[in-house]
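Here are my notes on the aromatic contacts, as you asked. Have the viewer open while you read.

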Amino acid sequence: MFFLSRQTVGQHRHLYAGAFVALAVGVFLLGLAATATAATVAYGTAGLPSITVTTLGDSDAAPRPVRVPLPGADVSGLQVVLSLVGTISGFITIFVIASTFAFAVASRRREIGLLRLIGATPRQIRRMILGEALVVALAASVTGAVLAQLATPLLLDIASNTELAPVKLEPASPWLPLAIAVCIGLVVAMLGARSAGRRAGKVGPIDALREAAVESGRIGPVRMIFGIVVLAGSIVLLSLIRPSSGEGVVPLSMFTPMLLVIALTLLAPLVVPVLGRLWALPLVAWTKVSGRLARSNVVATPRRSASLAAPILAISAIAGSMVLSLSFAADSAVATIRDTLQAPIVVTAEGDPAAVRAVAGVAAVDAGLPVQFVRAGAEDALLEDAEGIDPAIAVQTRRLTPLSGDLNQLTGTTVAISKETASIEHYKVGDEIPATFLDHAAVKLRVVAIVPDGFGVNASFLLPLDLVRQHAPTAKPDHLFVQPAPGVDPGELVGRIDHAVLAAQWEAEQADGVRQGNQLGLVLLLGPAAVYSAIAIANTLLMGSLQRRQEFVTSRLLGATPNQIRRMVLWESSLVGMVALSLGTAITVTVGVLIRHAMTAGIPDVPVTVPWGVLLGIAALCLILAVGSALAPTAYILRVVSRETVVHQRQ
């Protein structure tokens, strides 16, 4: 059977070329993420810059050694980005492969009917389809893995010495990560071909005599059940995007759209025709014949239309949700900075607090000292950023009203923590946090207060200023918050302090930094997925158009002109694209509204920044790819059809 599958792949190489390209690109992205991640893991275990500290642990047991990376040598940011890139790429790969194999099987319906006519059993047909998938998957996975290995050094050179990886990374042994990528490619291909093989096994011998195949508008009970279950699970996850979820709203906003895409794809044969009719109303009124034909094709072939819409739905929903979520996260960060900072003046460069205090008209100078310590848990240790403050001064320049506890007790070996940290780590006032400073001094920090979150202004851990000076004597403040004396104009005072700006200007600079960081994250996360999705959209529509030759021959024999067929294809691809974008927009708006509420609850006057340019650009690119990929093969097919029409007319 494997030999037969290899022969049929060779005979139908034009059908499986799309599946080969899609899977090879998918394995390439997965392999690239895996080999780069292996390089970061090898860096962390290779004895490169790190220190060995001793922590007290969570009990009075003997101290134990823990290794942590030195400041400036942490590559965890790159590891997170690579894992997300791999997840998104793998997710899109599943949809692409399933669609391409479905098209390949659907276009061979008469051939499969002939095999049934000469005695092939449904089981043999399924085995043949799975064998074909295995042949294509082996070739594509190996090709993708080889390309990933060749591209890994280039990726590591680009990522090295950046904010995500402030060190030089070298390629690690590629065998295990590439083997994982190849195995994922094989599994994805077999899963994508499984449903296609099951449908192929249901083809009867009578299909060998049919000139056309009419799709059923119904979907199987198993697919219906899975679609409803996944949709219900997505609704549950949507309900969890709320203020009480804390940092969990960010991963929820990223992964919930994926589940919604899966649910809508499973139910697409029911949903797409309904939305297609709605979008076709103005089209039919304007174009008459070609619009009616386009509407009929979309409604009459729900499975094909759903397969064409799947990659557009996936990238528009995922990209749109991420873009909107990150924009609202930036709005929340900006509002938090504005709401937390009470001082009207900020000294942005490293300045001498004593010199600033000596300026006439200055009432208080808040000079917090940054410091890092190792927070030890039962099984792991984390390098945490903290800040040493003088509570008596800090409460004059920042909003530090404790939610519980007493900030005046911040002396000795104590700590005040943010509300978010307390929620995530389940700390409460009176708890002790095992900590080791970078001078190897181990202490237990007693929690004396829980204060409001203050992203960009307050660290998550606030320590007594004297404690920080004791364990980090060379620490210098990153910035100074200056409170003028009563009756002193901040605008006049800022001109007499070196490197000082008004708080509003500093807040705007911080906001720009947050948005630039988000843009970099979007490029890293969505760049590879967007390129792959573009290939997937073009590939799916090309395969869908190439199998319509007989349909175009019939249309020409019935009197349709080439221009009418082109317009029909134009409107049909536009309808499918608009239906997919409508569903993607619904997912994006739903997730965006929920995450905005979760991130801005309790923060007054939060700005609303909707990146219309990026969102409209995603939609326009999807439509252009959909229309262009449908029209390009149509021109070629019409030339072939014209010759076949002449032959039919002569006969």
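The points below go through the ring pairs and then a charge over a ring.

1. Before anything else, bear in mind that this is a predicted model. With ring centres required to lie within 6.5 Å, the count comes to four aromatic pairs.

2. Start with Phe-373 and Phe-461. Their rings meet edge-to-face, with 5.4 Å centre to centre and 85 degrees between the planes. Phe-373 belongs to strand 5 (residues 369–376) and Phe-461 to strand 11 (residues 461–464), so this pair ties together parts that are 88 residues apart in sequence. Both Phe-373 and Phe-461 are buried, by the way.

3. Next up, Phe-481 and Trp-506. This is an edge-to-face pair, at 5.7 Å centre to centre and 75 degrees between the planes. Again, distant parts of the chain get linked: Phe-481 is in strand 12 (residues 480–484), Trp-506 is in helix 17 (residues 503–546), and they are 25 residues apart.

4. Are Phe-481 and Trp-506 buried or exposed? The cut-off for buried is under 20% relative accessible area. Phe-481 has 0% relative accessibility, so Phe-481 counts as buried. Trp-506 comes out at 4%, so Trp-506 counts as buried too.

5. Back to Phe-373 and Phe-461 for a moment: which cluster do they belong to? Ring pairs join them with Phe-437, giving a cluster of Phe-373, Phe-437 and Phe-461.

6. Last one, and here a charge is involved. Have a look at Arg-596: its charged end sits over the ring of Phe-328, 5.5 Å from the ring centre.

Methods:
Residues numbered from 1 in each chain as written. Predicted model: local features only at pLDDT ≥ 70, side-chain atom pairs only at ≥ 80, totals over all residues. Heavy atoms only, no water. Phe/Tyr/Trp six-rings, centres within 6.5 Å; stacked < 30°, edge-to-face > 60°. Helix = DSSP H or I, 4+ residues; strand = E, 2+ residues; numbered from the N terminus. Buried < 20%, exposed > 50% of the residue type's maximum accessible area, 1.4 Å probe, protein only. Lys NZ or Arg CZ within 6 Å of the ring centre and 35° of its normal.
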